[in-house]
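Welcome! Have a look at the model shown here, and then let us walk through one of its sheets and one of its chain contacts.

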Amino acid sequence: MTTAIPESSYSVDVVERSANRMVLSMGPQHPSTHGVLQIITEIEGEIVTKASPEIGYLHTGIEKSAENLFWSQASTVIERMDYLSPLTNALCYYLAVEKLLGIDAQIPPRAQQVRVLLCELSRIASHCVWLGTGGIDLGALTGFFYCFDLRERILDLFEASGGARMHPNYIRVGGLGRDLPSGFLEKLDGVIAMYEPRMRDVRRLLQKNPILQDRMIDVGIISADDALAWSLTGPTLRATGIPYDVRRAFPYSGYEEYEFDVPTRTEGDAYARFLVRLDEMDEAMRIVRQVRKKLDTPGAWQIADTKFAPPPKETIALSMEALIHHFKLVSESFRVPPGDVYQPVEGPRGELGYYVVSNGDNRPWRVRTRPPSMYNLQVLKKIAIGELIADMVVMIGSLDPVFGEVDR
Amino acid sequence: MALGSGGDFLLTTVDAVARWAQSSSVWPLTMGLACCAIEMMTATAPEYDIARLGSEVFRASPRQADLMIVSGRVAQKMGPIVKRLYDQMADPKWVISMGACASSGGVFDNYAIVQGVDTIIPVDVYVPGCPPTPDGLLYAVNLIQQQIKQGGRGGILARA
Amino acid sequence: MPSSQTPPAGATALDPTAVRPDIADVVRIIRVVPAALRATLEELKGEGFSMLLDVGGADYPGREPARFDVVYHLLRIERTATTLAQVGAPDRVRVLCAVGESDPVLPTVTDLWPSADWAEREVYDLFGVRFDGHPDLRRIQMPDDWQGYPLRKDYPLRGPALERTPRPSFALKSNVAAGTPASGKTAAALQRQIAQARGNNSFMPGSGPAAAAQSGSQPGGTVSGGAATPGQLAQQPVNLKTEDNKS
């Protein structure tokens, strides 16, 4: 199956052409495109004169599936969008649902703290994958091993709390699926203690590495104007100088209580994005430490109103109301009053947003995702021009796309 | 075994040695599609280390790989590409369908996902899970190694 | 568990903008007719809404003649904002524009915000709304020759496949089943091992004296033989087809 792309279909003009032009299809099966991406590049020698990314090779129909599942079930498919930080997707979706339900002020503090904890751990785990695979693209394999080992310990935490390493479905409407299990906080302390020496090692390996710097500095430069025009968010935007972070601009889930910086750079090249993400990992761990202190005090982990979150299992045998609520929640879920809402969160890739529409039913009417990776990836059409074909891999890595989110 | 059986004996030993060699160096093709691909990458990481089973490198070129690990959901656009890559792989070749989506469509019983990669290519081992833990993938590779040693489709004297 | 093939109940008309003023997720919600869309968006861009957050679609089949909603989210942020204080809490605006099914065309905004390119292609691909002036309007998520617009409410969830995909013949065979020697690790081999460990062969159907007696009898009569001892009864496999199981 060859897709013939007509000449006129490229959205970015080529600066000049010559007879040495070759059309090269990178992907969709490629070791370094970070997923199923096809880039149809026109190259002259080694210089890229046009780059046309083709997406859709992982289109899963998640938004349509979500329309056919209950509100509380839809998160199972929604978590599988940005599969490197599934809990962030679930949190964003449930924040939107809670806003529509009108219960967003009733989420207990402990639930909010655990949500923040898991989202920041997801951020670190996601950046570990970015760093490891980005390093592999350049030939730096040791960094991959170090980063994935750190990620393993974080996945242990997800497995302990939610039951699965990826896609734990632990964040639910009104709070969490259950309280943190015993032993979790000790494991978390282990991860916190492991983080700093490990990242010191990784930075020593990579940050001032002359090969890495040679390959990343002045590659894929994005200006602040371009960043806004191409709707970039997240580390890609912050590396151009604009410190827009949803956690600071529109705090959710108690982020206003934590002290953290928003790393920003001005160069806008791949190395700047690299440094921004490294610093972001440190800031995420800073938040994790602050949350850890708060988790010592026990508290409610889900909303008290059992019309939205199931009652504690012990009460089902004792209270008729609890039994009925549990039955209704499982068999036909709750109904969400009609309305629409746009809820953003700061995912590892940028502003992840859900535009959720309800028509009063027990299923979502529409769940539209604002996918940060899709918008971040689009700028490749612009920044690849004039770069070497070998830099294409560096640029894709620095934009950090996840195709579950790009294609949905 | 009597030497009088001549060629049979020699071929049997060569066959067994060939199968042992093949099973000890199964090189997978990078067919990482979605979340399962991350767990596949984790299987190459130190904690699980698929290299100790012989899968030292994942080859990007289908000509150089003998195992295709379909890890992730196969979208409608991607289906023909998976088939083409499978056809490009040289015999003997094996296929692991990793995860629920590759095995049967998984959670996504809808228009966009091919309901099981075994509708396009023959599969040797199915690994359940969403995603399966890297341990599951290692066990699947073990099962492939057993199949190779028993002379399943694709021994050095390939059978149809 | 909701069925994947029946449409959700309550497919009624809905105008979201009129419904929930208490949710203050955006500072302004503007609903425009298609003729006024370009002017509104250009004006907003002039007011400083330099980032197009998202272009999305929604389908309200009961709301003809304005069936589809195309929803634009904009963010007011300046390139000169270099500190957190300067960025602050940027204003966000939602612009909704409804088009009907008979002529679903809207003007493109790719010249205002280049990032609208893929987003508008996706709305076209999944809803069928065309964008006048788009440089490259073709499908983005589905294959180029796909028929139908999947996210429309009247498009079935399973798409053109109305039943479960049949398994082709090669999918039913695996290497192990294709005649390779027993590995000792299949379920049948395991049961044989268990039977040997128990020291009797009548555990397996088709082996042992009890089964030999039953293989010649009419279907359904494992226990009606009468000569069965309690020990044998315990070992005999349960024949679910039996009607007169007197055990």
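In this predicted model, β7(A) and β8(A) form an antiparallel pair held over 5 bridges. One residue pairing to pick out is V356(A), whose bridge partner in β8(A) is V367(A).

Where does this pair sit in the wider sheet? The strands belong to an open sheet of 3 strands in chain A, ordered β6-β7-β8 and paired in the antiparallel sense. β6 and β8 of chain A are the edge strands, each pairing on one side only. From one strand to the next, the twist averages 15 degrees.

A helix joins the picture too: α3 of chain A, residues 86-101, lies across β6 and β7 of chain A. Its direction is at about 150 degrees to β6(A).

Now for the contact between chains. Chain A brings 48 residues to it, and chain C brings 48 residues. On the side of chain A that touches chain C, the elements giving two or more residues include β6, β7 and β8 of the sheet just described, along with helices such as α1 and α14 of chain A. Here is where these elements run:

| Element of chain A | Residues |
|---|---|
| α1(A) | residues 62-67 |
| β6(A) | residues 339-347 |
| β7(A) | residues 350-358 |
| β8(A) | residues 366-370 |
| α14(A) | residues 372-378 |

Which element gives the most to this side of chain A? That is β6(A), with 5 residues. As for character, the residues of the side of chain A that touches chain C divide into 20 nonpolar, 15 polar and 13 charged.

How values were computed:
Residues are numbered from 1 along each chain as its sequence is written. Chains are lettered from A and ligands numbered from 1 in the order in which they are written. This is a predicted model: local features need pLDDT of at least 70, side-chain atom pairs count only at pLDDT 80 or more; totals for chains, interfaces and linings use all residues. Two residues are in contact if their C-beta atoms, placed from the backbone, lie within 7 Å. Helices (H or I, at least four residues) and strands (E, at least two) are DSSP runs, numbered from the N terminus. Ala, Val, Leu, Ile, Met, Phe, Trp, Tyr, Cys and Pro count as nonpolar, Asp, Glu, Lys and Arg as charged, and the others, Gly among them, as polar. Two strands pair if DSSP finds at least two bridges between them. Axes are lines fitted to C-alpha atoms, for helices over the stretch in contact, and angles run from 0 to 180 degrees between N-to-C directions.
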